Amino acid sequence: MSPRLEICHQIESTSTGLPSTAQFQAWAEAALQPDVATAEITLRIVDTAEGQQLNRDYRGKDYATNVLTFTFNDDDGMPPPPACHSWAILCSVHRW
């Protein structure tokens, strides 16, 4: 794991064939801007039902969505400091 990136990886889905923690780590590392000293990301993979509940509870939209993102300091409208960017990303796994 990179010293500048910490990922909390939560799998709450029964789907198979999901990317590995190492793959998510590599993708997140590649997405970091060079000026970000450290980053903390919570990645939660959920099934459709939880994705719909979260979308309804936090966005007022009663349907499942693929990705929900929340910035660390969303409540105060200020961006997180450059040394501590933090996000929560929730991905819903849809079964077709």
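**E12**

I started with E12, which is found in strand β1. Strands here are DSSP runs of E with at least two residues, helices are runs of H or I with at least four, and both are numbered from the N terminus. Before going on, I note that this is a predicted model, where local features need pLDDT of at least 70 and side-chain atom pairs count only at pLDDT 80 or more, while totals for chains, interfaces and linings use all residues. Residues are numbered from 1 along each chain as its sequence is written, and side-chain values use heavy atoms, with hydrogens and water left out.

Is E12 buried or exposed? Neither quite: its relative accessible area is 42%, so E12 goes down as partly exposed. The cut-offs are under 20% relative accessible area for buried and over 50% for exposed, with partly exposed in between (1.4 Å probe, protein chains only).

Next I checked what E12 touches. Not counting residues up to four places away in sequence, E12 has R44, I45, V46, D47 and E50 in contact, contact meaning heavy atoms within 4.5 Å. I also took the C-alpha to C-alpha distance from E12 to E50: 8.8 Å in space, for 38 residues apart in sequence.

**Q10, also in β1**

Q10 has its place in strand β1. With a relative accessible area of 25%, Q10 is partly exposed. Which residues does Q10 touch, not counting those up to four places away in sequence? I got T42, L43, R44 and I45. For Q10 and V46, I noted 8.6 Å between the C-alpha atoms, with their positions 36 residues apart along the chain.

**β1 with β2**

I then looked at the strands as a pair. β1 and β2 run in the parallel sense and share eight bridges; to count as paired, two strands need at least two bridges found by DSSP. I11 has I45 as its bridge partner in β2.

How does the chain cross over between these strands? Together with helix α1 (residues 21-31), β1 and β2 form a β-α-β unit, and the unit is left-handed. I wrote down the convention too: with the strands pointing away from the viewer, a path from the first strand over the helix to the second that runs clockwise is right-handed.

**The core**

Which residues make up the largest nonpolar core? I listed seven: L5, I7, A28, L32, V36, A39 and I41. β1 (5-12) and β2 (39-47) each put at least two residues into this core. Such a core is a set of buried Ala, Val, Leu, Ile, Met, Phe, Trp, Tyr and Cys residues joined through side-chain atoms within 4.5 Å. I followed L5 outward: beyond its neighbours within four places in sequence, L5 contacts Q25, A28, E29, L32, A39 and I41.

**Aromatics**

I found one aromatic pair in the structure. The ring centres of F24 and W27 are 5.5 Å apart and the planes stand at 90 degrees, so the pair is edge-to-face. The test uses rings of Phe, Tyr and Trp (its six-membered ring) with centres within 6.5 Å; planes under 30 degrees apart are stacked, over 60 edge-to-face and the rest tilted. F24 and W27 both sit in helix α1, three residues apart, which is about one turn of the helix. F24 counts as buried at 14% relative accessibility, whereas W27 is partly exposed at 49%.

**K61**

I went to the loop between α2 (48-59) and β3 (67-71), where K61 lies. K61 is partly exposed, at 33% relative accessible area. Leaving out residues up to four places away in sequence, K61 touches Q52, N55 and R56.

**Whole protein**

Last, I pulled the totals. The protein has two helices and four strands, in the order β-α-β-α-β-β from the N terminus on. Buried residues are 31% of the 96 residues.
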